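Biologist: I should like to go through this structure with you and ask, term by term, what each description rests upon. Please set each value against its definition.

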Amino acid sequence: MDDPAFALEGEGSEGIDINTQTILLHASNHDVAALKPLLRIPGNASVQDPETGFTPLHAAIAAYKDGDRVEEEEEVNIEKAKSTIEELFFSGAIWNDLDKNDETPGCLAWRLGQKELYQMCVNAGVRAEMLLGLMGGYEVLAGEDSEEEEIDVEVEAEADNAGGENGANGHTNTEEHELAVGPAEEVLEAEKRVVNSEDYLNSNLTFTDTALLDEDSNGVMMAWETDIMRRSVDLLLPGLPPGKRILNIGFGMGIIDRMFADTKPATHHIIEAHPAVLAKLQQPDSEFGEKWTQSAEEGRYKIHAGKWQDVCPLLLQAGEVYDVIYFDTFGEDYSQLKYFFTEIVPGLLDADGKFGFFNGLGADRRVCYDVYGKVVELDLCEAGMDVEWVDVEVPVEEMGKEGEGEWKGVRRRYWTLEVYRLPVATFMG
Ligand SMILES: C[S@@+](CC[C@H](N)C(=O)[O-])C[C@H]1O[C@@H](n2cnc3c(N)ncnc32)[C@H](O)[C@@H]1O
């Protein structure tokens, strides 16, 4: 253990217990033989150093350093690190536990340039998230019997660790961050509040030139995303042909709808649920008001007021079919997006159509973004769809830090990555 990130000597009696100390030491030494018997005890794979917050995964990753060794030695060393991490994951180590530096084991591996170890964390995250998905969601169900509650609490604990609500779709996420604006008490209140669909749809909105904000100043939609919307339209409608049938879920600032409208579609349907957005759409200066509705055959250009969960079944009943469907809501978790492409898209999308969605899951933490990208790909595959990813650069540096530049007045900097992975999904075969 050449560079321990946790002090061991003399700490047995002050805070860090001997069990934790021993496990972290063995993990750090990549001593699988010594670790194995200890890991049979439930919970031991995810003990944490009270000072650094290091779990055995953090310790195993931090202790692996390449560099001066000869190649052969290097190979042995990385293999030892890998088997330690593998053993830890098999024994229930949690992929997204945070240390005191606000890093998951994956974040640490990435920062140290350990790509292979990083990938192991991503794979473990994908396995865990797929399992959570199979177990039916992420919410703690109050009032359920104790056994179920226990499972849900564990799930919630894991889901809450990093990357927001582990499944929040689009422009939302619950990770707690310092707020940049507002008096301290209000800030604390807002900080604690978790975005959810019902509260969002009942909340007041603020429209500015560059953003649409909810009551807690969460960015529902922001102008910096215009490039992403542009690329989405260009890839969903290659060559921007007129006469296509388009369905967009979530009007927001109308950025993508303006681009869709410019292509002169045969059908342009927009589903929007928030009363304030709907009210804005009805104002005399709205581009999507009466004039727009009447500029095509009846029912072809239409705002469907309501939640997509209520409107889509009606569209299915009416036999509507679209060439392009885009999905970008707010305040909903991943289960909703999954439900949408599993249950709704197959009925509404033309056999040769294209499906796109705002890929913002876990976008404030690379490892989470990579995990959710893979989860969504696997779920799309199960729903009979292939997905192609196109990388779009995001000028995060220019956009500023938390509370600065683009993020001024916005509760949370929900995007921190340099690359947006733009999905275009089509039916298989
Ligand atoms: C991120 S914005 C969409 C931004 C849009 N892509 C644009 O280019 O401006 C999300 C929108 O989805 C709406 N929304 C949220 N939940 C919804 C639901 N269940 N059904 C329909 N619309 C919903 C919100 O009110 C908001 O207007």
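Biologist: What makes D17 a cap at the N-terminal end of α1?

Modeller: A side-chain oxygen of D17 lies 3.0 Å from the backbone nitrogen of N19. A polar contact is a pair of N or O atoms within 3.5 Å; within protein, one must be able to donate a hydrogen and the other to accept it, and residues adjacent in sequence count only if both atoms are side-chain atoms. The 3.0 Å between D17 and N19 therefore falls within the 3.5 Å limit. This is a predicted model, in which local features need pLDDT of at least 70 and side-chain atom pairs count only at pLDDT 80 or more, while totals for chains, interfaces and linings use all residues. Residues are numbered from 1 along each chain as its sequence is written, and side-chain values use heavy atoms, with hydrogens and water left out.

Biologist: Which residues of helix α1 are buried, and what follows the helix?

Modeller: Helix α1 covers residues 18-28, and T20, Q21, I23, L24, H26, A27 and S28 are buried there. Helices (H or I, at least four residues) and strands (E, at least two) are DSSP runs, numbered from the N terminus. Buried means under 20% relative accessible area, exposed over 50%, and partly exposed in between (1.4 Å probe, protein chains only). After α1 comes H30, with a positive phi near 55°.

Biologist: Why is a positive phi worth mentioning for S217 and L240?

Modeller: Most residues other than glycine have a negative phi. S217 is not a glycine, yet its phi is positive, about 65°; L240, also not a glycine, has a positive phi of about 50°. S217 lies in the loop between β2 (211-213) and β3, and L240 in the loop between α10 and β4. S217 has 23% relative accessibility and L240 has 35%, so both count as partly exposed under the limits of 20% and 50%.

Biologist: How do you know that K82 and E116 form a salt bridge?

Modeller: Their closest N and O atoms are 2.7 Å apart. A salt bridge is a side-chain nitrogen of Lys or Arg within 4 Å of a carboxyl oxygen of Asp or Glu, so the pair qualifies. K82 lies in helix α4 (residues 71-90) and E116 in helix α6 (residues 115-134), so the bridge ties together parts that are 34 residues apart in sequence. E116 is partly exposed, at 43% relative accessible area. E79, K82 and E116 are linked in a network of salt bridges, and the whole structure holds 14 salt bridges.

Biologist: What separates R230 from D234 along helix α10, and what makes the pair a salt bridge?

Modeller: R230 and D234 are 4 residues apart in helix α10 (residues 226-236), which means about one helical turn. Their N to O distance is 2.9 Å, so the 4 Å criterion is met. R230, at 31% relative accessibility, is partly exposed, and so is D234, at 29%.

Biologist: Is D323, the partner of R245 in a salt bridge, buried or exposed?

Modeller: D323 is buried, because its relative accessible area is 15%, under the 20% limit. R245, at 26%, counts as partly exposed. The N to O distance between R245 and D323 is 2.7 Å. R245 lies in strand β4 (residues 245-249) and D323 in strand β7 (residues 322-327), so this bridge ties together parts that are 78 residues apart in sequence.

Biologist: Which residues are closest to the ligand, and which of its atoms have polar partners?

Modeller: The ligand is surrounded by 25 residues, of which Y200, G252, M253, E272 and D328 are the closest; a residue is near a molecule or strand if one of its heavy atoms lies within 4 Å of it. An oxygen atom of the ligand is 2.9 Å from a polar backbone atom of G252, and an oxygen atom of the ligand is 2.9 Å from a polar backbone atom of M253. A nitrogen atom of the ligand lies 3.0 Å from a polar side-chain atom of E332. The elements giving two or more residues to the shell are β3 (219-222), α11 (255-262), β5 (267-272) and α14 (308-317).

Biologist: Where is L337, and what makes it buried?

Modeller: L337 is in helix α15 (residues 334-348). L337 is buried because its relative accessible area is 0%.
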